[in-house]
Amino acid sequence: MTNEISHLFQTLKIWEKSGKKAVLVSVVALEGTSYRKPGVRMLISEDGEYAGAVSGGCVEKEIERQAKTVFQTGTAKIMTYDGRLRIGCEGVIHILIEPVFLSDELWLDFESVLEAREDFKMDAWFYQKVGEYGNIGTLMTLKGKTYVLNPSFTPDQITVQECFSQTFEPLFQLYIFGAEHDAVQLSQAAKLLGWNVTIVASAEELKSCDYFPGASALITPAYDEIGKLHIDEQTAVMLMTHSFNKDVQYLLALKNIQAAYIGMLGAKKRRERVFNMLLEIDSEIPFDFLDQIHGPAGINIGAESASEIAVSILAEILGVIRKQNPVSLREKTGSIHG
């Protein structure tokens with residue numbers, strides 16, 4: 001979700017600089033089930049341009065039609081969309097449409113929070129009943145300050161409205177150790193998920209960040225500097241150096257990190273050889289660290305090409321961080337998403 005908000009704010013800032021007005025669209029409540037859940041958001045400009053989405057594409061045209069009065073009056077509104085009658089979904093979604101303005105102060109604080117990898121919060125205040133209201137809108141809290149996104153809404157207007165509250169964690173990031181062709185494919189695929197990708201390569205690779213579409217940085221740290229990288233519980237680490245010795249050295253340097261996922265390319269025999277060498281060098285290396293390493297990385301989808309292997313790896317990372325075991329959706333009971 002954090003990457004979606006980042007994308008929306010970047011787009012909104014561009015629109016504002018060009019003089020475009022915009023509305024923020026938020027799904028704030030759901031009765032039953034739907035393709036996407038409360039908390040998804042999108043922007044619509046006054047000339048009908050979209051950024052983001054709140055459905056698979058079936059609701060947006062109706063939202064655009066409803067948004068016209070918001071542009072005309074500057075008053076926020078609540079609309080509902082009953083997917084049971086129109087598209088065969090099993091739910092009714094409640095949608096807040098509000099004028100939105102991103103102040104320079106909010107933008108600077110938002111960028112600072114992303115850079116510092118801090119949490120932030122958004123509270124959408126609304127009524128369940130369809131209609132136009134002057135006292136509904138979204139508040140954003142970051143760095144101990146509260147900002148109003150709807151210029152006509154203020155915190156002192158909060159009385160009996162309902163609130164959809166959402167806390168956003170730091171942007172998920174992926175560190176790829178290695179600079180071969182398969183790292184290029186993984187970098188591209190991870191960027192499509194909105195992840196922040198960093199390539200870690202040895203200095204002799206002689207490659208730049210331009211070689212890795214989707215990567216935000218390429219770094220060449222010494223082994224004794226790797227433990228200082230900002231790797232946290234919103235970080236996945238993937239070793240794909242194609243070098244036995246480099247993998248051993250990198251893992252020794254990473255042994256004390258707390259990552260969400262650690263993966264390593266190669267067959268099971270190669271993994272055991274790497275582990276044996278690690279224990280020979282450092283007999284006190286934590287077994288909990290070794291247990292969390294996914295090697296061979298990925299799930300079994302019959303992947304053959306580098307791009308298919310990237311899909312397999314990303315699917316496993318998502319399964320781990322969402323605490324899900326891969327299963328065909330037709331075999332899953334209950335809600336299929338989330």
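# Exercises on a two-domain predicted model

The second largest pocket of this predicted model has a volume of about 290 Å³. The exercises begin with this pocket and then turn to the sheets, the loops, a cavity and the confidence of the prediction.

**Exercise 1. Find which residues and elements line the second largest pocket, and where it lies relative to the domains.**

Step 1. Start at the centre of the pocket. There are 13 lining residues, and those closest to the centre are Leu-114, Glu-115, Arg-117, Leu-171 and Asn-196.

Step 2. Assign the lining to elements. Two or more residues come from each of α1 (2-17), α4 (104-116) and β11 (173-177). The largest share is that of α4, which gives 5 residues.

Step 3. Sort the lining by character. It consists of 5 nonpolar, 5 polar and 3 charged residues.

Step 4. Bring in the domains. The chain is split into domain 1 (1-168) and domain 2 (173-322), and their centres, taken over C-alpha atoms, are 36 Å apart. Both domains give residues to the lining, so the pocket lies between them.

**Exercise 2. Work out the strand order of the 4-stranded open sheet and say which strands are at its edges.**

Step 1. Write down the order. The strands run β9-β8-β6-β10, and their pairing is antiparallel.

Step 2. Look for strands that pair on one side only. These are the edge strands, β9 (145-148) and β10 (162-168).

Step 3. Consider the angle between neighbours. With direction ignored, neighbouring strands of this sheet are turned by 20 degrees against each other on average.

Step 4. Take one pair in detail. Strand β6 (residues 120-126) and strand β8 (residues 137-142) are joined antiparallel over 5 bridges. Within β8, Gly-137 is the bridge partner of Trp-125.

**Exercise 3. Do the same for the 6-stranded open sheet, and explain why β13 and β16 each have a side without a neighbour.**

Step 1. Read the order across the sheet. It is β13-β12-β11-β14-β15-β16, with parallel pairing.

Step 2. Examine the ends. Because β13 (215-219) and β16 (293-294) each have a single partner strand, one side of each is left without a neighbour in the sheet.

Step 3. Check the pairing at the β16 end. Strand β15 (residues 261-264) and β16 pair in parallel over 2 bridges. Here Gly-263 stands opposite His-294 of β16.

**Exercise 4. Locate Pro-296 and Lys-143, and state what is notable in the backbone at each.**

Step 1. Recall the usual case. Most residues other than glycine have a negative phi, and most peptide bonds are trans.

Step 2. Turn to the proline. Pro-296 sits in the loop between β16 and α9 (306-321). The peptide bond leading from Gly-295 to Pro-296 is cis, with omega near 0 degrees.

Step 3. Turn to the lysine. Lys-143 belongs to the loop between β8 and β9. Its phi is near 55 degrees, a positive value in a residue other than glycine.

**Exercise 5. Describe the second largest cavity and its lining.**

Step 1. Count the cavities. The structure has 2 cavities of 30 Å³ or more. The second largest cavity has a volume of about 30 Å³.

Step 2. List the residues around it. The lining is made up of Gly-178, Ala-179, Ala-201, Ser-202, Glu-205, Thr-241, Lys-246 and Tyr-250.

Step 3. Sort these residues. There are 3 nonpolar, 3 polar and 2 charged residues in the lining of this cavity.

**Exercise 6. Decide where in the chain confidence is lowest and where it is highest.**

Step 1. Begin with the whole chain. Its mean pLDDT is 90, and 94% of its residues reach 70 or more.

Step 2. Find the two extremes. Confidence is lowest in helix α3 (residues 83-86), at a mean of 61, and highest in strand β14 (residues 235-239), at 97.

Step 3. Apply a general caution. Where pLDDT is low, the predicted coordinates should not be read in detail.

Note on methods
Residues numbered from 1 in each chain as written. Predicted model: local features only at pLDDT ≥ 70, side-chain atom pairs only at ≥ 80, totals over all residues. Heavy atoms only, no water. 1 Å grid on protein atoms, 1.4 Å probe; cavity = no way out; pocket = protein on both sides within 12 Å on 5 of 7 lines; lining within 4 Å. Points joined across faces, edges and corners; volume = space filled by probe spheres on them. Nonpolar A, V, L, I, M, F, W, Y, C, P; charged D, E, K, R; others polar. pLDDT = per-residue confidence, 0-100. Domains from an automatic or database assignment. Pairing = 2+ DSSP bridges. Axes fitted to C-alpha atoms, helices over the stretch in contact; angles between N-to-C directions.
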